[in-house]
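Here is a set of short exercises to work through with the structure beside you. Try each task on your own, then follow the solution step by step.

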Amino acid sequence: MRRIPLVAVAAAASIVLAGCGEDDGDGSQAGASNEVEVFTWWSEGGEKAGLDGLVQVFEQQYPDQTFVNGVVAGGAGSNAKNVLASRLEQGDPPSTFQGHAGGELRDYIAQEQIQDVGHLYEEEGWNDVFPEEVVSLLTEDDAIYSVPANIHRANVVWANPHVLKNAGVSQPPDSIDAWLEDLQALQDNGVKAPLAVATDWTQVHLFETVLIADLGPEAYNGLWTGETAWDSAEVTRAIEDYAALMEFTNGDRAGLDWPDSNQYMISGRAAYTVMGDWSYAGFEEAKLKPQKEYIWFPVPGTDGVFDFLADSFTLPVDAPNAEGTENWLRTVGSAEGQEAFNTKKGSIPVRTDADPQAYGEYQQEAMQDWQSDTIVPSLAHGAAAPLGWLEEITSAIGEFSSSKDTGKLQEALVAAAETYTGSG
Ligand code: GAL
């Protein structure tokens, strides 16, 4: 395993946590029911299939516990995160919720909303099977906050081979410039909007991959520590490339979510979409044939870079049925749980002792890339930056979708960076 340059780790000052580890002292978990409310945004398709797989193992391992589905639909937690924030504020947490390793999780830690589960790591021997680099993203002051379920890759282009063939596009492009030429060829060939995107967060997702392509992994990492200036010429260039790509996207994007933009690509209305590898799970769930009905390659200019995120399950402070939650977490970290979940979710297991043969063609490739690529944290999926920073970037990208004003976008990005790193 390569070292993860974890910029996100640098954040947060030392904090004192309420109710670490054991009973939270106010009696809320004593005598609680055996229901375990699991809060996610995995409501349909491959995402639901993954969750269902995990639930099946949980029910086998802990038959006295009852899974309660606290799902709030909307890709990347676009609705769920608001619901969760207000529930946490009101002292009404679910038994567990899914958070992203890195910047996002550090927000919950800093706000004293989640508890140390380090004792489970000892009991279950997880320090031997989870890579240290991932665990360090969950660790603060020797306490470990959450159990990682998977590793997803964000910088993937999914493409329709028939549409490409019809336009005479035969090779994956190796740079954004080359990609823009292919997009033009596709448009000239009658594909009006060859690059499918959806609502704001999917545009942020596309934007982060262009930043990686144009800046390279090191300077991209520097964006989150203050080492790379947001008003630099490199960022200007990335914004211009992003603007050029957006010219090839569908105008109805604001009303769509990621399964819709995937469908645009699959149906041939578009040639490409950029999305995380939960897409693979959706394609598998729909029984589409890899290499025939869809192909994949790294976002042009990001070959050799693995833009990563990890879904990690937490033990909230005052979690109802904390004992049941701990059992859920044991399932999440178990070999059976990781396999049942990840084989269906499109992601790869965090456990290093997993059997690659159990996984699909795309995932076996991703497992190899995870070992050999340079790893960078995803912005759109909570690894690179705290939630507030992501929200500011998302609203700037959302505004850009209609204004198309590159100067204004860069100004907004510089202002957001000033707030979160003290430098633009
Ligand atoms: C991510 C999450 C993934 C997947 C995706 C689309 O934020 O980590 O597991 O669910 O959103 O909804």
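**Exercise 1. A salt bridge across the chain**

Task: Find how far apart the closest N and O atoms of arginine 153 and aspartate 369 are, and work out where each residue lies.

Solution.
- Step 1. The model you are looking at is predicted. In this model, arginine 153 and aspartate 369 have their closest N and O atoms 2.9 Å apart.
- Step 2. A salt bridge needs a side-chain nitrogen of Lys or Arg within 4 Å of a carboxyl oxygen of Asp or Glu. Arginine 153 and aspartate 369 form such a bridge.
- Step 3. Now place the partners: arginine 153 belongs to strand 7 (residues 152-153), and aspartate 369 belongs to helix 14 (residues 361-372). With their positions 216 residues apart, the pair links distant parts of the chain.
- Step 4. Last, check the surroundings. Arginine 153 has a relative accessible area of 5%, so it counts as buried, because buried means under 20%. Aspartate 369, with 22%, is partly exposed.

**Exercise 2. A second partner for arginine 153**

Task: Describe the salt bridge between aspartate 373 and arginine 153, and decide whether the two residues are buried or exposed.

Solution.
- Step 1. The side chains of these two residues meet in a salt bridge, with an N to O distance of 3.3 Å.
- Step 2. Aspartate 373 sits in the loop between helix 14 and strand 14 (374-377), whereas arginine 153 is in strand 7. They are 220 residues apart, and this pair too links distant parts of the chain.
- Step 3. Aspartate 373 and arginine 153 are both buried.

**Exercise 3. Salt bridges elsewhere**

Task: Say how many salt bridges there are by this rule, then look at aspartate 252 with arginine 269, and at the network that includes Glu37.

Solution.
- Step 1. The count of salt bridges is 15.
- Step 2. One of them joins the side chains of aspartate 252 and arginine 269, at 3.8 Å from N to O.
- Step 3. Both ends of this bridge are in loops: aspartate 252 between helix 9 (233-246) and helix 10 (258-267), arginine 269 between helix 10 and strand 10 (272-274). The two residues are 17 residues apart.
- Step 4. Aspartate 252 has a relative accessible area of 33% and is partly exposed.
- Step 5. Finally, salt bridges also link Glu37, Arg87 and Asp92 in a network.

**Exercise 4. The ligand and its surroundings**

Task: Identify which residues come nearest to the ligand, and find how much of the ligand the protein buries.

Solution.
- Step 1. There are 13 residues around the ligand, and those that come nearest are Glu47, His100, Asp311, Lys345 and His381.
- Step 2. Look for polar side-chain atoms beside ligand oxygen atoms. Tryptophan 41 places one at 3.2 Å from such an oxygen, tryptophan 42 has one at 2.8 Å, and histidine 100 has one at 2.6 Å.
- Step 3. Taken alone, the ligand exposes 300 Å², and the protein buries 100% of that.
- Step 4. As for its location, the ligand sits in the largest cavity.

**Exercise 5. Positive phi angles**

Task: Find what phi glutamine 291 and lysine 404 have, and where these residues lie.

Solution.
- Step 1. Glutamine 291 is not a glycine, yet its phi is positive, about 75 degrees. The residue lies in the loop between helix 11 (278-285) and strand 11 (295-298).
- Step 2. With a relative accessible area of 41%, glutamine 291 is partly exposed.
- Step 3. Lysine 404, also not a glycine, has a positive phi of about 55 degrees. This lysine 404 is in the loop between helix 15 (387-403) and helix 16 (406-421).
- Step 4. At 47% relative accessible area, lysine 404 is partly exposed.

**Exercise 6. Sequence distance and space**

Task: Find how far apart in space the C-alpha atoms of valine 414 and glycine 91 are, then do the same for asparagine 155 and leucine 256.

Solution.
- Step 1. Valine 414 is in helix 16 and is buried, at 14% relative accessible area.
- Step 2. Valine 414 and glycine 91 are 323 residues apart along the chain, and their C-alpha atoms are separated by 35 Å.
- Step 3. Asparagine 155 lies in the loop between strand 7 and strand 8 (156-159) and is buried, at 0% relative accessibility.
- Step 4. Asparagine 155 and leucine 256 are 101 residues apart in sequence, with 20 Å from C-alpha to C-alpha.

Key. Residues numbered from 1 in each chain as written. Predicted model: local features only at pLDDT ≥ 70, side-chain atom pairs only at ≥ 80, totals over all residues. Heavy atoms only, no water. Helix = DSSP H or I, 4+ residues; strand = E, 2+ residues; numbered from the N terminus. Buried < 20%, exposed > 50% of the residue type's maximum accessible area, 1.4 Å probe, protein only. Near = heavy atom within 4 Å. Polar contact = N/O pair within 3.5 Å; in protein donor to acceptor, adjacent residues only side chain to side chain. Areas by Shrake-Rupley, 256 points an atom, 1.4 Å probe, with all protein chains shown as cover. 1 Å grid on protein atoms, 1.4 Å probe; cavity = no way out; pocket = protein on both sides within 12 Å on 5 of 7 lines; lining within 4 Å. Sits in = over half its atoms within 2 Å of the grid points.
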